[in-house]
Amino acid sequence: MTDQLRLMAVHAHPDDESSKGAATMAKYVSEGVDVLVVTCTGGERGSILNPKLQGDAYIEEHIHEVRKKEMDEAREILGVKQEWLGFVDSGLPEGDPLPPLPEGCFALEDVDHAAGELVRRIRAFRPQVITTYDENGGYPHPDHIMTHKISMVAFESAADTEKYPEAEYGPAYQPQKLYYNQGFNRPRTEALHQAMLDRGLESPYGDWLKRWEEFGMKQRTLTTHIPCAEFYEIRDKALIAHATQIDPDGGWFKVPMEIQKEVWPTEEYELAKALVDTSLPEDDLFAGIRDNA
């Protein structure tokens, strides 16, 4: 019955889909599930994080087109569908005090208006399950927080034809479950950190764990653990496709694949909303839905 199952992953920028839940999506694609990535912005204000490409005049001048091509490649690698909401990247404000956000950016859009564009995609694709970010955005980038806001409004309002009339937004539809991506969770980080130290290897996670302590970051509730280690190579290949953002020799890839698969073979989610009965913890985003598809 998997041809009737549909998963929508809502992300802020191109590359987010490959760093958050990519192995999960590849797993479901392999099972015949229809998977759609919705990307809210074009990533136009993202810094070029790969030192090998910094200073490239063509990339700097054509960053929007470059990041679109990177997304096309990652989409093909993961085997998913992908659509753009068409909003403009807000950038990550830095400084003290923080500068104002640029006029016309995604984070300054009216929430109900921006959510309407997501409602349009939900009603067209009709996913039973949606994944997005928690109220902190996973980390406090203004576009990630805005992605959370519009996802929550759209989940609640996709069936509300008074708020979003069918004539403009398509036939009403109600998704059944909504999850927060929690792949960067503390138990996983601690487990991989200790595994590296136990093997006499340098861990890339020491600073991460210090920051968790310094900022007193809240421990999230991990309700759902998706076994997907056999798709980690696909995840990494999709991530590397975002060449302006990812250094293939950087910290993302410091933990050997065999250690990752042995120590932490799952990706984690936090069930935020469910309109079906399910039993926690889960190992399937479609728990409570699959049998009735």
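D16 sits in helix α1. The model is predicted, and D16 is a good place to enter it. With a relative accessible area of 4%, D16 is buried, because that value is under the 20% cut-off. Its side chain reaches the backbone nitrogen of H13 at 2.9 Å. Beyond its neighbours within four places in sequence, D16 is in contact with H11, Y133 and H144.

Which residues does the "binding site" annotation cover? The UniProt record, an unreviewed entry, places it on H13, D16 and H144. These residues are spread over 132 residues of sequence. In space they cluster, with a largest C-alpha distance of 9.7 Å. D16 and H13 are also linked by the side-chain to backbone approach at 2.9 Å, while D16 and H144 are in contact.

H144 belongs to helix α6, residues 142-157. Is H144 buried or exposed? H144 has a relative accessible area of 0%, so it counts as buried. Neighbours within four places in sequence aside, its contacts are A12, H13, D16, K20, Y133, G137 and Y139. Two of the annotated residues, H13 and D16, are therefore among the contacts of H144.

K20 comes next. It lies in the loop between α1 and α2. K20 has 15% relative accessibility, so it counts as buried. Its side chain makes a polar contact with the side chain of D16 at 2.9 Å. A polar contact with the side chain of S19 is also at 2.9 Å. Leaving aside residues within four places in sequence, K20 touches H11, Y133, H144, N181 and F184. H11 and Y133 are contacts of D16 as well. Y133 appears again in the list for H144. K20 thus has D16 as a polar partner and H144 as a contact.

Just before D16, the backbone deserves a look. D15 lies in the loop between β1 (6-11) and α1 (16-19). Its phi is positive, about 105°, although D15 is not a glycine. Most residues other than glycine have a negative phi, and most peptide bonds are trans. D15 is also buried, because its relative accessibility is 11%.

From the loop that holds K20, the chain enters α2. How much of helix α2 is covered? Seven of its nine residues are buried, so the helix is mostly covered. The buried residues are A22, A23, T24, M25, A26, K27 and Y28. K27 is found in this helix, which spans residues 22-30. At 15% relative accessibility, K27 counts as buried because it falls under 20%. Not counting residues up to four places away in sequence, K27 touches I226, P227, C228 and F231. After α2 comes G32, with a positive phi near 95°.

Further along, helix packing takes over. Two packed helices are described by the angle between their axes and the distance between the axes. Helix α4 (residues 63-78) packs with helix α10 (residues 232-241) at an angle of about 170°. Their axes are 8 Å apart. The angle makes α4 roughly antiparallel to α10, because angles over 145 degrees count that way. Which residues make the contact? On the α4 side they are E70, E73, A74, I77 and L78. On the α10 side they are I234, K237, A238 and A241. By class, the contact has six nonpolar, no polar and three charged residues.

Two more backbone features remain. R126 is found in the loop between α5 (111-125) and β4 (129-132). Its phi is near 60°, a positive value in a residue other than glycine. Is R126 buried or partly exposed? Its relative accessibility is 35%, so R126 counts as partly exposed. D15, by contrast, is buried at 11%.

The other feature concerns a peptide bond. The bond from L280 to P281 is cis, with omega near 0°. P281 is found in the segment after β7 (266-274).

Conventions: Residues are numbered from 1 along each chain as its sequence is written. This is a predicted model: local features need pLDDT of at least 70, side-chain atom pairs count only at pLDDT 80 or more; totals for chains, interfaces and linings use all residues. Side-chain values use heavy atoms; hydrogens and water are left out. Axes are lines fitted to C-alpha atoms, for helices over the stretch in contact, and angles run from 0 to 180 degrees between N-to-C directions. Helices (H or I, at least four residues) and strands (E, at least two) are DSSP runs, numbered from the N terminus. Angles under 35 degrees count as roughly parallel, over 145 as roughly antiparallel, 65 to 115 as roughly perpendicular and the rest as oblique. Contact means heavy atoms within 4.5 Å. Ala, Val, Leu, Ile, Met, Phe, Trp, Tyr, Cys and Pro count as nonpolar, Asp, Glu, Lys and Arg as charged, and the others, Gly among them, as polar. Buried means under 20% relative accessible area, exposed over 50%, partly exposed in between (1.4 Å probe, protein chains only). UniProt positions are given in the numbering used here, feature names are shortened, and annotations may be inferred rather than shown by experiment. A polar contact is a pair of N or O atoms within 3.5 Å; within protein, one must be able to donate a hydrogen and the other to accept it, and residues adjacent in sequence count only if both atoms are side-chain atoms.
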